[in-house]
Amino acid sequence: LEPLEGIEVGDIGTKAGENEVDIGYLRMKNVRVPRKHMFEKKSHVEPDGTYVKHSSGNGGADDKTHYLTMMTARVALVA
């Protein structure tokens, strides 16, 4: 199975810690993605280009949890 022209996919390879988690990338060159298909789950882009973040209704607790998880992982890497 091959990606379409202008689309590159791959694995970032070995990482410092947590190598059991497979992390890949997607690179698109000269590929148009309709605005309605971008960011729809947690945010969207208005026709004038304005970025709008959707509220999760929990006062930003999800954002704080994600930030704490990210910082914990980074501290573990340097400790």
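These are my notebook entries on a predicted model of a protein, set down in the order in which I looked things up.

**Entry 1, confidence.** Before reading any detail I checked the pLDDT, which averages 81 over the protein, with 86% of the residues scoring at least 70. Broken down by element, the mean is highest in strand β1, residues 7–11, at 92, and lowest in β3, at 80. I keep a general caution beside these values: where pLDDT is low, the predicted coordinates should not be read in detail.

**Entry 2, elements.** I then listed the secondary structure and found four strands and one helix. Read from the N terminus, the order is β-β-β-β-α, so written by the DSSP runs.

**Entry 3, surface and contacts.** I looked up how much of the chain is covered, and of its 79 residues 4% count as buried. The exposed area comes to about 7,200 Å², of which carbon and sulfur atoms supply 57%. For the contacts with a separation of 6 or more, I noted that 12% are between residues 24 or more positions apart.

**Entry 4, charged pairs.** How many salt bridges does a search of the whole structure find? The search returns one, and it is formed by R27 with E8, whose closest N and O atoms are 3.1 Å apart. The two partners come from distant parts of the chain, R27 lying in strand β2 and E8 in strand β1, with their positions 19 residues apart in sequence. The pair qualifies because the cut-off for such an N and O distance is 4 Å, and in general side chains of opposite charge can pair when their charged atoms come close.

I also asked where the two partners stand between buried and exposed. R27 has a relative accessibility of 49% and therefore counts as partly exposed, since the exposed class begins over 50%. E8, at 33%, counts as partly exposed as well.

**Entry 5, the loop with R35.** My last look-up was R35, which sits in the loop that joins β2, residues 24–28, to β3, residues 43–45. Its relative accessibility is 39%, so R35 counts as partly exposed. Which residues does R35 contact once its neighbours within four places in sequence are left aside? I find E40, V45, E46 and P47. For V45 I also took the C-alpha to C-alpha distance from R35, which is 6.6 Å, although the two residues are ten apart in sequence. V45 falls within the residue range of β3, the element with the lowest mean confidence, and I record that beside the distance.

How values were computed
Residues numbered from 1 in each chain as written. Heavy atoms only, no water. Helix = DSSP H or I, 4+ residues; strand = E, 2+ residues; numbered from the N terminus. Buried < 20%, exposed > 50% of the residue type's maximum accessible area, 1.4 Å probe, protein only. Contact = heavy atoms within 4.5 Å. Areas by Shrake-Rupley, 256 points an atom, 1.4 Å probe, with all protein chains shown as cover. pLDDT = per-residue confidence, 0-100. Salt bridge = Lys/Arg side-chain N within 4 Å of Asp/Glu carboxyl O.
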